[in-house]
Structures are given as C-alpha cells and as structure tokens.
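Me: I keep meeting words like "buried", "paired" and "cavity", and I'd like to see where they come from. Can we go through them one by one?

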Amino acid sequence: MSSVVFAQSNNEYHDTYIKKATDGSVYGNSKNKNGSDNKLYPNRNRMYVSSDVKGDVYGGYATKGNANNNSATIYDGTTINGDVYGGYATKGNANNNSVTIYDGTTINGNVYGGYATKGNANNNGELLASIAFIRQGSELIADEGISAAVTSLDSISNMSDIVPFVAFVGGKSKYDTGLHIDISGVSLVVGGAKGFELEDHKITAGAFIEHGDGKYKSLNTIAFDDIKDVKANAIAQYTGGGLLGRVDFSNNFYAEVSGRAGSAKSNFHSDDIKFLNKPASYNCDGMYLGTHIGSGYIYEINNKLGLDVSGKYFFTHQRSKDVELPTKEIIKFADTSSHRIRLGAKLTYEATEVFKPYVGGAFEYEFAGKVDATLAGFDINAPALKGGSGMGEFGVTVNVDKFLIDFGGRCHAGVRTGIDGMLKVKRAI
C-alpha cells in the first residue's frame, strides 16, 4: 500500500495537506519504530484532506512512542474508503487528538479521535475509584453496623424489642494502583436489629439502609510528550440497603454475615484530557451488590480485658454501562469485582461501666479489583486495587444513659493509605 505525505511546519504545528486523490493511506508527520527520522514527529500535527483517499487517514502516527495533540480535518465532497484517526499509536499513548468531518463527506470506515493498541488511559480510573468507595461501605457494615446492632441489643433486657442503630464513617484514603487515587467521603448506615435466643446461643438479625457521598482525585504520572501529569476528579455516590446477621455461640466463638445491594453513580472530569478541544467529562452509573462473611473468637484475658481475633471475606461487584465520548467513541467498561480477605485482632479494656477504650490491627489483601475497559474495540490499560494493606484502629465506647456512643479512628498503609474517623450511636427503644 502506498502512502503520501505533504508536510510543512509553522513552528507550533506540522500541517499536512492532501489535495489530490490518493490510492493508499495518508499520514501526518510520522515516527517509525526505530525513531530514525529526525525531522518528522507524531505529535502536534494537523491533517487537512480535501480529496479522495482509498486507504486510511492518520493525523499523527507512531509505531513506537506517543501520538498526542493531533487532528484530522476531512472537507466536504471527500470520500475516505478506510478509517480516520486523529492520532494512532501502536505501543504508546494517543491523547488529546481530534477529528473534524464536514457535511457531504463519505467515510466508509471507522472514525477514531485517538487510537492506542498498547497505551495508557486515565479514563477508567473513575470506575476504579467508584468500586473502592463502595467497598469501603462494606467495611462500615461488617465492622460498625453489626457491632452497633449487637451492642444495642446488649443494652436492653428484652431481646424481642427492635433496636435502632446508626453507624457513620468519614475519612480520606489513597490508593496507589498505577494511577494515584485520593478518595474522601462519608458513609452512613441506619437500621434496626432484633435478638433471638437458641439454646445458649444469641442471634442478632437486622436490616439497614446505607448511603455514601464522596469525591476523588486521580493523578496519572506517566509522562506524555506534551503532558507530564494527567489529573482528573469526580463525585461518587451510592445508595442501597441490605440485611445482616450474627450468631454468638456459648463457647465465645461467633459467625456473621451481611448482604447489600443498591445503585452507584459517579462522573469524570479532566482538563488535561480533551475531546474535540473540550475537557473530558462523562457520567457513569450502575447497580452494585456485596456480601461479607466472617468468624472470630473472643478471648477473655480477665474480667476487664478481652481480645477479639477474627477473619473476614468481602465481595463487592459493580455493574457498569457504556459511556459515549464527545467524539462519539464508546468506552465499554466491564463489570468490576473485588475479593478481599482480612485477618485482625482487637483489644478492649473495660475501664468502667461507662468508659471502654480499645485498640486493634489487621492485614487485608485484595485479590482482584481490576477495571477492564475497551475503546473502539481495543483494550485500555487497566489499573487495579490488587495488593496488601495494613490497618490500625483505636477508639473508645461511652455509655451515657440509654445511648452507646463509639468514636475512634483508623490508619491504613500499603496499597491503601490514609485515615478514617468513625462514629456509632445506639439507643434502645
């Protein structure tokens, strides 16, 4: 296949004009895999086509390296038998490229603003932050929600009563996943619990509704030719409900479970990524579901000091929908799942009937948490939450009249870093 290049430089951009019919493909200034051409570069090119082309049209083309900040303009009355690419990179990145097509133009192939077969993209960090925020809500249920329900029942004499409970957590976490993601937000659980007795075992069952509001910022530090950092931000939100249960056996062992489902939505915005010279922005929503199972043993060191040793498994799944960009290209997000295990211990000291401080620690490992996506049929490099993190916690429970107030904090290190503040309030009816 033949190729034709007509190029001239205006210091800021390399302009390419196609003014006569061409049998093959046409390229803006290009860069071959050996990087041997010193005068032609695959960035900051403008391709203008005003005659028929039987092959493909490339605003910028790179077989090794990046193809960024290019454009292709197809004028009216022109027929293109192949595909049109604003920028094309086989091993690098293709960012901030655009295609402009005038009325009366015939394109027999596909149109791509930017195409990278093995490049990186910042767009799928949005869904990664969303599922990270939702899975933090599962921690609120497993750690604070069930605890709030159990201690509320402990505060009453008649276990047949329905007891309300409220658990709240707010904080900021960082995830180093290839993308650097900062998530800050608050999550709230409100529910009711009821107790049962079976022989010498105590059963707690409850229902709850949950809601979370947060925001995130991401930073992709992979250097592009013209952009050193790609920053983005978004607002995330989820609302749902579920059921929880726990069995406390007479031998100090216990088992617990929860299930939850709801709707999550978020948006994405980046001034560093542009489509048709406009900042990248889109919305993404979908259903989520999750569950956790756990068991543990409470070792009574003495009449005031107790050690709770536990293991828990968390599963979170988020469905996703396709997103249409201003270039009419479609980002297809795959459904995302998170599988985590956590092993931990918590030491509680009953200083008085009113005041109970505690301290604890845990290690967790994420086995999945990968966000797969495709753009125009090719894979986008996928970040993931996979890896281990350590957690330390501290706090105090205060018993005031019929109110049980628990407040404390957590710190994280590893794939996830940051601090959280927690508040639980329980009151018997």
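Reply: Sure, here are some questions and answers about the words used for this structure. Keep in mind that this is a predicted model, where local features need pLDDT of at least 70 and side-chain atom pairs count only at pLDDT 80 or more, while totals for chains, interfaces and linings use all residues. Residues are numbered from 1 along each chain as its sequence is written, and side-chain values use heavy atoms, with hydrogens and water left out.

Me: Why is Ser 258 called buried?

Reply: Buried means under 20% relative accessible area, exposed means over 50%, and partly exposed is in between (1.4 Å probe, protein chains only). Ser 258 has 6% relative accessibility, so it counts as buried. You'll find Ser 258 in strand E18; helices (H or I, at least four residues) and strands (E, at least two) are DSSP runs, numbered from the N terminus.

Me: What does Ser 258 touch, not counting residues up to four places away in sequence?

Reply: Contact means heavy atoms within 4.5 Å. With that rule, Ser 258 touches Ile 141, Leu 243, Leu 244, Gly 290, Thr 291 and His 292.

Me: What makes the link between the side chains of Ser 258 and His 292 a polar contact?

Reply: The term asks for a pair of N or O atoms within 3.5 Å; within protein, one must be able to donate a hydrogen and the other to accept it, and residues adjacent in sequence count only if both atoms are side-chain atoms. The two side chains come in at 2.7 Å, and the pair is listed as a polar contact.

Me: Is Glu 199 buried or exposed?

Reply: Glu 199 has a relative accessible area of 71%, so it is exposed. This residue sits in the loop between E15 and strand E16 (201-220). Glu 199 also has a positive phi of about 55 degrees, although it is not a glycine.

Me: Why is Asp 335 called partly exposed?

Reply: Its relative accessible area is 35%, so Asp 335 lands in the partly exposed class. Asp 335 is in the loop between strand E22 (330-333) and E23, and among the residues it touches are His 317 and Arg 319. His 317 is 18 residues away from Asp 335 in sequence, with 7.3 Å between their C-alpha atoms.

Me: How do you know that E20 and E23 pair?

Reply: Two strands pair if DSSP finds at least two bridges between them. Strand E20 (residues 305-318) and strand E23 (residues 336-349) have 14 bridges, in the antiparallel sense. One of the bridges puts Leu 307 opposite Leu 347 of E23. E23 also pairs with strand E24 (residues 355-366), again antiparallel, over 9 bridges, and a hairpin of 5 residues joins E23 to E24.

Me: What makes something a cavity, and how many turn up in the whole structure?

Reply: On a 1 Å grid over the protein atoms alone, a cavity is a set of points where a 1.4 Å probe fits but cannot get out, and lining residues have an atom within 4 Å of a point. The search finds 4 cavities of 30 Å³ or more. The second largest has a volume of about 160 Å³, a volume being the space filled by probe spheres set on the points, which are joined across faces, edges and corners.

Me: Which residues line that second largest cavity?

Reply: There are 18 of them, including Gln 136 and Arg 416, which are among those nearest its centre. H1 gives the largest share, 6 residues.

How values were computed: 1 Å grid on protein atoms, 1.4 Å probe; cavity = no way out; pocket = protein on both sides within 12 Å on 5 of 7 lines; lining within 4 Å.
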